[in-house]
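Biologist: Please take a close look at a single part of this model and follow it outward into its surroundings. A formal account, with the cut-off of each term stated once, would be most useful.

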Amino acid sequence: MTRMWCLPTEILCDDHLRGEHAEHHQLVGTIQSHPHGEAIAEGHAEKGNIDTTRLEERHARLATEMERRDMNHDSPLAYDGPTYGAGAIDLEMNRTDLPDRCEDCAARARKHSRSQ
Ligand SMILES: [Zn+2]
Ligand SMILES: [Zn+2]
């Protein structure tokens, strides 16, 4: 499932970091070349899962964190297509949902909140 969590990158486990990053590239590919790309992007936007106005900035944050963890990153991302889901991402919901789905992210989130 495509989802831009847009949470602090430190709380993402390695899998979710790689996953959210890959979804950015997939989403741009879908919008640009899938025959139903527009409808697919609208569907993600309606659920509050994507915000194309944040794609480039969020991708840059994910890429920086990947490099910090010594993961390979050599995939620049540029997007200047139509806007889907501007302002739609619900960070409060994501802050609850991600730790619910993933023990590793939950442990990181607990550590992160203690260090603030
Ligand atoms: Zn990339
Ligand atoms: Zn995780």
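Modeller: Setting aside neighbours within four places in sequence, M71 is in contact with D14, L17, R18 and M66, where contact means heavy atoms within 4.5 Å. M71 belongs to the loop between α3 and α4; helices here are DSSP runs of H or I with at least four residues, strands are E runs of at least two, and both are numbered from the N terminus. With a relative accessibility of 10%, M71 counts as buried (under 20% relative accessible area; exposed is over 50% and partly exposed in between, with a 1.4 Å probe and protein chains only). Its C-alpha atom is separated by 9.2 Å from that of D14, although the two residues are 57 apart along the chain.

The model is a predicted one, in which local features need pLDDT of at least 70 and side-chain atom pairs count only at pLDDT 80 or more, whereas totals for chains, interfaces and linings use all residues. Residues are numbered from 1 along each chain as its sequence is written, chains are lettered from A and ligands numbered from 1 in the order in which they are written, and side-chain values use heavy atoms, with hydrogens and water left out. The protein has a mean pLDDT (the predictor's confidence in each residue, from 0 to 100) of 96, and 99% of its residues reach 70 or more. Among its elements, α3 has the highest mean pLDDT, 98, and helix α5 (residues 103–114) the lowest, 94.

The loop of M71 leads back to α3. This helix is followed by D70, whose phi is positive, near 60°. α3 has 14 residues and spans 20 Å from its first C-alpha to its last, close to the 20 Å expected at 1.5 Å a residue (the expected span is 1.5 Å times one less than the number of residues). Its buried residues are L55, R58, H59, L62, A63, E65 and M66. They occupy an arc of only 165° around the axis, and therefore lie on the same side of α3; the arc is that of the directions from the helix axis to the C-beta atoms. The opposite face, turned away from the buried side, carries the exposed residues T64 and R68. Among the parts that cover the buried residues of α3 is α1.

On the α1 side, H21 is buried, at a relative accessible area of 8%. Beyond its neighbours within four places in sequence, H21 is in contact with H59, L62, M66, H73 and S75. Several of these residues recur at a metal site. The zinc ion (ligand 1) has as its protein donors H21 (NE2), H25 (NE2), H59 (NE2), H73 (NE2), S75 (O) and S75 (OG), at 2.1 to 2.5 Å. Donors are N, O and S atoms within 2.8 Å of the metal (3.2 Å for Na, K and Ca); water is not among the atoms, so sites may look incomplete. H21 in helix α1 (residues 14–33) and H59 in helix α3 (residues 55–68), 38 residues apart, link distant parts of the chain. The angles among the six donor atoms run from 68 to 169°, and the site is octahedral (six donors, opposite ones over 155 degrees apart and all others between 65 and 115; four donors count as square planar by these limits, four count as tetrahedral if all angles lie between 85 and 135 degrees, and anything else is irregular). Along the chain the donors follow the spacing H-x3-H-x33-H-x13-H-x1-S.

A second zinc ion (ligand 2) is coordinated by C13 (SG), H16 (ND1), C102 (SG) and C105 (SG), at 2.0 to 2.3 Å. H16 lies in helix α1 and C102 in the loop between α4 (91–101) and α5, so this pair ties together parts 86 residues apart in sequence. The four donor atoms subtend angles of 103 to 115°, a tetrahedral site. For comparison, ideal angles at a metal are 109.5 degrees for four tetrahedral donors, and 90 or 180 degrees for six octahedral ones. H16 is partly exposed at 22% relative accessibility, whereas C102 is buried at 10%.

Helix α1 also takes part in covering the buried residues of α2. In helix α2 (residues 37–46) these are G37, A41, H44 and A45. They fall within an arc of 100° when seen down the axis, so they line one face of the helix.
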